[in-house]
Amino acid sequence: MLIEDFRALNRLETIIITQHSRKRFYERGISILDVCAAIDTGEIIEQYPDDFPFPSCLIMGHSEDRIIHVVASINEGMIYVITAYVPDNTTWENDFKTRKEKES
């Protein structure tokens, strides 16, 4: 999966968001325009080739003055947004690209 594939499809009419995801976006203060901006400015930082029903990836991008993580997949010319959130320093290193090592 390449970020260019997502950018080529990155339009409101080609993005599918579940009702559950919409609720989470609202709770997290994230809009569909934030998701689009994150895809436009972002890079893929993790790949999930075994996700079901489609392989997905984690995109890190920017929307206005904050970093957004978007988990999404592509199928039949549509972007399926699984979730989006603002990453925090408890899970991510300062670059927000690298997960912190779990302490044993």
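**Exercise 1.** Does Arg24 count as buried, partly exposed or exposed, and at what relative accessibility?

*Solution.* The model is predicted. Start with the cut-offs: buried means under 20% relative accessible area, and exposed means over 50%. Arg24 has 26% relative accessibility. That value falls in between, so Arg24 counts as partly exposed.

**Exercise 2.** Find the salt-bridge partner of Arg24 and place the pair in the fold.

*Solution.* Step one: the partner is Glu27, with the closest N and O atoms 2.8 Å apart. Step two: both residues sit in helix α2, which covers residues 19-28. Step three: they are three residues apart there, so about one helical turn separates them. Step four: check the cover on the partner. Glu27 has a relative accessible area of 48%, which makes Glu27 partly exposed.

**Exercise 3.** Analyse the salt bridge between Asp34 and Arg66.

*Solution.* Begin with the distance. The closest N and O atoms of Asp34 and Arg66 are 2.9 Å apart. Next, locate the ends. Asp34 lies in helix α3 (residues 32-41), and Arg66 lies in strand β4 (residues 66-75). The two residues are 32 positions apart, and the pair links distant parts of the chain. Now classify each side. Asp34 has a relative accessible area of 9%, so Asp34 is buried. Arg66 has 25% relative accessibility and counts as partly exposed.

**Exercise 4.** Classify both partners of the Glu13–Arg11 salt bridge by accessibility.

*Solution.* The two side chains meet at 3.2 Å, N to O. Glu13 has 58% relative accessibility, so Glu13 counts as exposed. Arg11 has 37%, so Arg11 counts as partly exposed. For the wider tally, a search of the whole structure finds five salt bridges.

**Exercise 5.** Describe the fold pattern and test the chain against a compact globule.

*Solution.* Count the elements: the chain has three helices and five strands. Along the sequence they run α-β-α-α-β-β-β-β. Then take the radius of gyration. A compact globule of 104 residues would have a value near 13 Å; the chain has 13 Å, so the two agree. The C-alpha atoms fill a box of roughly 40 × 30 × 25 Å along the principal axes. Look inside next. Buried residues make up 37% of the 104 residues. Among contacts with a separation of 6 or more, 49% join residues 24 or more positions apart.

**Exercise 6.** Summarise the surface and the charges of the chain.

*Solution.* The accessible surface comes to about 6500 Å². Carbon and sulfur atoms account for 52% of that area. The chain carries 11 positive and 18 negative side chains. The centres of these two sets lie 6 Å apart.

Notes. Residues numbered from 1 in each chain as written. Predicted model: local features only at pLDDT ≥ 70, side-chain atom pairs only at ≥ 80, totals over all residues. Heavy atoms only, no water. Salt bridge = Lys/Arg side-chain N within 4 Å of Asp/Glu carboxyl O. Buried < 20%, exposed > 50% of the residue type's maximum accessible area, 1.4 Å probe, protein only. Helix = DSSP H or I, 4+ residues; strand = E, 2+ residues; numbered from the N terminus. Rg over C-alpha atoms; globule rule 2.2 N^0.38 Å. Contact = heavy atoms within 4.5 Å. Areas by Shrake-Rupley, 256 points an atom, 1.4 Å probe, with all protein chains shown as cover. Lys, Arg positive; Asp, Glu negative; His and termini not counted. Charge placed at Lys NZ, Arg CZ, Asp CG, Glu CD.
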